[in-house]
Amino acid sequence: MISPKAEVDATAFVDPEAEVSDGCVIRPGAKVYGKVKLAKNVWIAPNVIVYGPAEIGEKTYLGPNVIVGHPSGEELEAILNAKQVGIISRGGKPVKIGKNVWIRSNCTIYSDVMIGNDVRFGHNAMVREEVTIGDGTLVGTEVVIDGRCRIGRNVSIQTGVYICTYSTVEDFVLIGPHCVFTNDKYVGQKKCKLQGPTVREGAGIGAKAVLFPGITVGKGAVVGAGAVVTKDVPSKVIVVGVPAKRLKAVPSDWHTILEK
């Protein structure tokens with residue numbers, strides 16, 4: 001059902017199962033498939049594709065060429081086997097996007113993703129399946145968040161970061177540009193359980209740092225730029241170097257965001 005107070009371009013496609021609320025704008029070439037619910041004042045830019053089931057909150061913006069609800073590998077295999085490519089993920093696992101979210105051009109959001117309110121994306125980012133992202137988080141340009149990750153509230157993930165499968169990032173963390181999270185201890189040479197890093201509340205990770213599989217960066221800790229973290233980092237400690245070693249405690253006049 002499309003509200004008479006919505007604006008839908010004549011070249012856009014909206015599935016009969018979709019709900020389009022008052023004030024929504026759907027621009028040329030956009031496609032909305034399956035059970036998609038658009039709350040009030042959602043803006044869908046040209047050539048966006050939304051695969052249901054999905055819920056998109058009020059005042060959310062989907063920029064040009066964004067894809068929401070892309071099927072996981074398992075879902076895609078089932079679709080191909082059933083020869084139903086024309087309806088890619090109708091009936092797949094749902095996507096839920098909160099209020100006032102900005103997803104800029106060319107981002108891809110897979111199925112089974114939950115994004116909180118007031119989240120901001122840069123351009124060309126990708127979020128794989130079974131990921132949650134908390135309120136107020138920034139996902140920078142060309143960031144990749146692989147599947148089964150948990151990202152907290154008010155996290156800043158800056159340009160070019162790679163967060164591997166099974167990683168956890170708690171609230172108020174800053175991850176500098178081009179950091180890399182890893183989860184395979186033997187880099188494919190030996191079978192092992194994949195374990196991503198855990199970054200505790202309020203920690204800061206400097207640009208181009210590398211976090212090894214299964215390590216924990218403690219609450220309020222700081223990892224220097226370019227460091228290679230092979231072992232757990234205690235809370236409120238600064239580590240630097242390759243491999244990363246303790247430099248000193250976080251100075252008392254460094255007020256973390258948790259203390260403000």
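These are my notes on the overall build of the protein chain and on one residue, threonine 165.

**Whole chain**

I am working with a predicted model. I looked up the secondary structure first: the protein chain has 34 strands and 1 helix.

Next I checked the dimensions. Along the principal axes, the C-alpha atoms fill a box of roughly 60 × 45 × 20 Å. The radius of gyration is 20 Å, which agrees with the value near 18 Å for a compact globule because the chain has 260 residues.

I then turned to burial and contacts. Of the 260 residues, 45% are buried. Among contacts with a separation of 6 or more, 21% are between residues 24 or more positions apart.

For the surface, I noted an exposed area of about 12,600 Å², of which carbon and sulfur atoms supply 53%. I also looked up the charges: there are 25 negative and 31 positive side chains, and the centres of these two sets lie 6 Å apart.

**Threonine 165**

I located threonine 165 in the loop that runs between β23 (162–163) and β24 (168–169). Is threonine 165 buried or exposed? Its relative accessible area is 16%, and the cut-off for buried is under 20%, so threonine 165 counts as buried.

I listed its contacts, leaving aside neighbours within four places in sequence. Threonine 165 touches Asp146, Gly147, Arg148 and Cys149, and also Asn183 and Gly196.

Last, I took one distance. From threonine 165 to alanine 249 I read 30 Å, C-alpha to C-alpha, with their positions 84 residues apart in sequence.

Notes: Residues numbered from 1 in each chain as written. Predicted model: local features only at pLDDT ≥ 70, side-chain atom pairs only at ≥ 80, totals over all residues. Heavy atoms only, no water. Helix = DSSP H or I, 4+ residues; strand = E, 2+ residues; numbered from the N terminus. Rg over C-alpha atoms; globule rule 2.2 N^0.38 Å. Buried < 20%, exposed > 50% of the residue type's maximum accessible area, 1.4 Å probe, protein only. Contact = heavy atoms within 4.5 Å. Areas by Shrake-Rupley, 256 points an atom, 1.4 Å probe, with all protein chains shown as cover. Lys, Arg positive; Asp, Glu negative; His and termini not counted. Charge placed at Lys NZ, Arg CZ, Asp CG, Glu CD.
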